[in-house]
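Subject: Structure for you to look over

Dear colleague,

I am handing over the structure below, and I would be grateful if you could go through it with my notes beside you. The notes follow directly after it.

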Amino acid sequence: MNIEIKQTTESSKAYEIAKSLPEYFDESGLKSIEQDTKNNMLFGAYRDNEMIGFVAYKEINNEAIEMSWLGVLPQYQGKNYGKILVEKSLAELSQKYKVCEVKTLSNSDDYEPYKKTRAFYKSLGFIPIETISPYPGWGNNPCQIFVMFL
Ligand SMILES: CC(C)(COP(=O)(O)OP(=O)(O)OC[C@H]1O[C@@H](n2cnc3c(N)ncnc32)[C@H](O)[C@@H]1OP(=O)(O)O)[C@@H](O)C(=O)NCCC(=O)NCCS
C-alpha cells in the first residue's frame, strides 16, 4: 500500500484535515488542534507526498503519552490508513514510552460519529478503563478513557 508514516512539523496541513471533519471537531476543538499540532509530537500519513491523515501525541510523563488528536480525510477513511498511522507512530514512540491513553466521547452518549471512533480504538487494542461524566472542560459530555501498553 502506497502510504508513508513520518514525524512532521506540518501542523497547518493537519489543521486543514481537522477542518474537513466538522462532525468531530467544533470551533473550540479546532482552536486546540491548531495549537496542539504545533506543540505536540505530530505524525502524518502521506500518499504521494500529500498528508491525508495526522495523529498528535502529548507527553504525560516520561513513561506515558496521550493521543491528543487524530484524523483521516473523509475520502480516505475505511482504507486502513488510520490503523497504519497509529500503529507505526506508536511503534516508534514505544522505544521511549510504555503506555498510551486516549480520551473520547463515552458510549453512554449515542452521538453516531463517535461510535466508529470507539470501534477504531478497540480494534487497535485500546482498553476502555473509566468513564468520567461530565468530564471537566467538556461541557456536559461524558469521557471514556482508553489505554494501551506499548
Ligand atoms: C478514527 C479514524 C482516524 C479511523 O481511521 P480510518 O482510516 O477510517 O480507519 P481504518 O480504515 O484504519 O480502520 C481500522 C479498523 O477500525 C475499525 N473501524 C474503522 N471504521 C469503522 C466503522 N465505521 N465501524 C466499525 N469499525 C470501524 C475496524 O475494525 C477497522 O479494521 P477493519 O477495516 O480491518 O475491520 C477516522 O475514521 C477519522 O478520522 N475519524 C474522524 C475523526 C476522529 O474520530 N478522531 C478521533 C478523535 S480525536
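H4 lies across S5 and S7, and its direction makes about 165° with that of S5; please bear in mind here and throughout that this is a predicted model. The two strands under that helix, S5 (residues 99–105) and S7 (residues 143–149), run antiparallel and are joined by seven bridges. Within this pairing Glu101 stands opposite Val147 in S7, and Thr104 stands opposite Gln144 in S7. S7 also pairs with S6 (residues 127–132), in the antiparallel sense and over five bridges, and here it is Thr131 that stands opposite Gln144.

These strands belong to an open sheet of seven, in the order S1-S2-S3-S4-S5-S7-S6, with mixed pairing. S1 (4–7) and S6 are the edge strands, each of them pairing on one side only, and neighbouring strands of the sheet are turned by 25° against each other on average, direction ignored. Helix H1 (residues 11–19) packs on the sheet, where it touches S2, S3 and S4, and its direction makes about 105° with that of S3.

Elsewhere in the sheet, S2 (residues 41–47) and S3 (residues 50–61) pair in the antiparallel sense over seven bridges, with Ala56 in S3 as the bridge partner of Leu42. The two strands form a hairpin with two residues between them. S3 is in turn joined to S4 by eight bridges, again with the strands running antiparallel, and Gly53 has Val72 in S4 as its bridge partner. A hairpin through two residues makes the connection from S3 to S4.

The ligand is the next point to look at. It is surrounded by 19 residues, of which Gln77, Gly82, Lys83, Ala119 and Ser123 are the closest. The elements that give two or more residues to this shell are strand S4 (64–72), helix H3 (81–93) and helix H4 (113–124), and the largest share, five residues, comes from H4, the helix that lies across S5 and S7. By residue type, the shell divides into eight nonpolar, eight polar and three charged residues.

Finally, there are some backbone details that I would ask you to check by eye. Most residues other than glycine have a negative phi, and most peptide bonds are trans. Asp48, in the loop between S2 and S3, has a positive phi near 50° although it is not a glycine. Is Asp48 buried or exposed? Asp48 counts as exposed because 8 other C-beta atoms lie within 10 Å, and the limit for that class is 12 or fewer. Asn80, found in the loop between S4 and H3, likewise has a positive phi, near 80°, in a residue other than glycine. With 13 other C-beta atoms within 10 Å, Asn80 is partly exposed. The remaining detail is a cis peptide bond between Ser133 and Pro134, with omega at about -5°, and Pro134 has its place in the loop between S6 and S7.

With best regards

Terms used. Residues numbered from 1 in each chain as written. Predicted model: local features only at pLDDT ≥ 70, side-chain atom pairs only at ≥ 80, totals over all residues. Near = placed C-beta within 6 Å. Helix = DSSP H or I, 4+ residues; strand = E, 2+ residues; numbered from the N terminus. Nonpolar A, V, L, I, M, F, W, Y, C, P; charged D, E, K, R; others polar. Pairing = 2+ DSSP bridges. Axes fitted to C-alpha atoms, helices over the stretch in contact; angles between N-to-C directions. Contact = placed C-beta atoms within 7 Å. Buried ≥ 20, exposed ≤ 12 C-beta atoms within 10 Å, placed from the backbone.
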